[in-house]
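Subject: Structure handover

Hello,

Here is the structure you asked about, with the sequence. My notes follow below it.

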Amino acid sequence: MTRRLLLVGIGSGDPDQLTVEAVRALNEVDVFLVADKEAGAGRTGTGDLVALREEICRRHITGDGYRIIAVPDPPRDRAPMADGAYGGEVRDWHAARARAYARVLARETGPDETVGLLVWGDPGLYDSTIRVVERVRASGEVDLEYRVVPGISSVQVLAARHRLVLNRIGSPITVTTGRRLAADVASGADNLVVMLDGGLACADLPGDDWDVWWGANLGTGGEELVSGRLSEALEPIRAARARAREARGWVMDTYLLRRR
Ligand SMILES: C[S@@+](CC[C@H](N)C(=O)[O-])C[C@H]1O[C@@H](n2cnc3c(N)ncnc32)[C@H](O)[C@@H]1O
């Protein structure tokens, strides 16, 4: 029999930022699989993220006819590495995660159950869940069909908080990572959304002709926002990052960079 899997985008921190479709999907789920990052990778602050997911279930699911299974997340090498090595490391980690999910699906869920995966933000933006599920299907260990329910991404929350239109009229926007920022700017991008940037890569950009709209821990009680000319905003951003980390034990930030 084919197991049914729902990948549900749950927004980026505010338990009320779920679509009606997402709430309906949550109510169809018999068993949620939750990556247990603390057990697997020893990272701080992830308990808060687990609590947020639990709050979403409490707030939006009618009744308590579901169970939650924690799947230990395989450890990941987060040391700085070259782009080629990084790609290989990420693929190995996806493979290990897929093995962990396949094992739990086969042993701890029934073939007639609907299984739910809660995905941070939107599953289509810098998230590996769809790739991991495709690997589980390809492994042949469990028969799976799945549906993706979109979520509100951190990029959408950033734009709303700063009352921004992300693109200039008729112009493109580059969505990139801190790791890729310098190369994208060197090849001409001048309006960029930057994600996955633990080291504030924009501080190293040449020139003083950039504006920034920055946000951390968007949607949570410890949300921080800074905007202005990049050279003048860097110190306030560093201070706000430290405050956000202090408030919740973790910090995730996203920003729009635009050349003047
Ligand atoms: C693995 S990606 C996940 C992106 C997610 N799928 C989305 O749609 O926003 C993690 C990155 O998303 C951004 N991010 C996620 N949640 C955020 C939040 N609440 N506030 C600011 N940035 C956030 C950060 O750039 C972080 O490094």
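To start with one residue, V175 sits in strand β6, which covers residues 174-177. Please keep in mind throughout that this is a predicted model. V175 has a relative accessibility of 36%, so it counts as partly exposed, the range for that class running from 20% to 50%. V175 also belongs to a nonpolar surface patch, together with Y126, I173 and L196. The accessible area of these four residues together is about 350 Å².

Helix packing

Helix α4 spans residues 83-108 and helix α5 spans residues 129-139. The two pack with their axes 8 Å apart, at an angle of about 60°. The pair is therefore oblique. Where α4 passes α5, the crossing is right-handed.

Salt bridges

There are 18 salt bridges in the structure. Three of the pairs are described here.

R147 pairs with E28, with 4.0 Å between the closest N and O atoms. R147 is in strand β5 (residues 144-149), while E28 is in the loop between α1 (20-26) and β2 (31-36), so this bridge ties together parts 119 residues apart in sequence. Both ends are partly exposed: R147 has a relative accessibility of 33%, and E28 has 32%. R147 and E28 are also part of a salt-bridge network that includes R4 and E21.

R137 pairs with E134, the closest N and O atoms being 3.9 Å apart. This bridge lies within helix α5, and because R137 and E134 are 3 residues apart there, about one helical turn separates them. R137 is partly exposed at 37% relative accessibility, and E134 is partly exposed at 37% as well.

R161 and E223 also form a salt bridge, with an N to O distance of 2.7 Å. This pair links distant parts of the chain, 62 residues apart. R161 is in helix α6 (residues 154-161), and E223 is in the loop between β8 (210-216) and β9 (224-229). What is the relative accessible area of R161? For R161 the value is 32%, so R161 counts as partly exposed. E223, with a relative accessible area of 23%, is partly exposed too.

Regards

Note on methods:
Residues numbered from 1 in each chain as written. Predicted model: local features only at pLDDT ≥ 70, side-chain atom pairs only at ≥ 80, totals over all residues. Heavy atoms only, no water. Patch = residues over 30% accessible without salt bridge, like charges linked within 9 Å, V, L, I, M, F, W, Y side chains within 5 Å. Areas by Shrake-Rupley, 256 points an atom, 1.4 Å probe, with all protein chains shown as cover. Salt bridge = Lys/Arg side-chain N within 4 Å of Asp/Glu carboxyl O. Helix = DSSP H or I, 4+ residues; strand = E, 2+ residues; numbered from the N terminus. Buried < 20%, exposed > 50% of the residue type's maximum accessible area, 1.4 Å probe, protein only. Axes fitted to C-alpha atoms, helices over the stretch in contact; angles between N-to-C directions. Parallel < 35°, antiparallel > 145°, perpendicular 65-115°, else oblique. Left-handed = near helix turned anticlockwise from the far one by under 90°.
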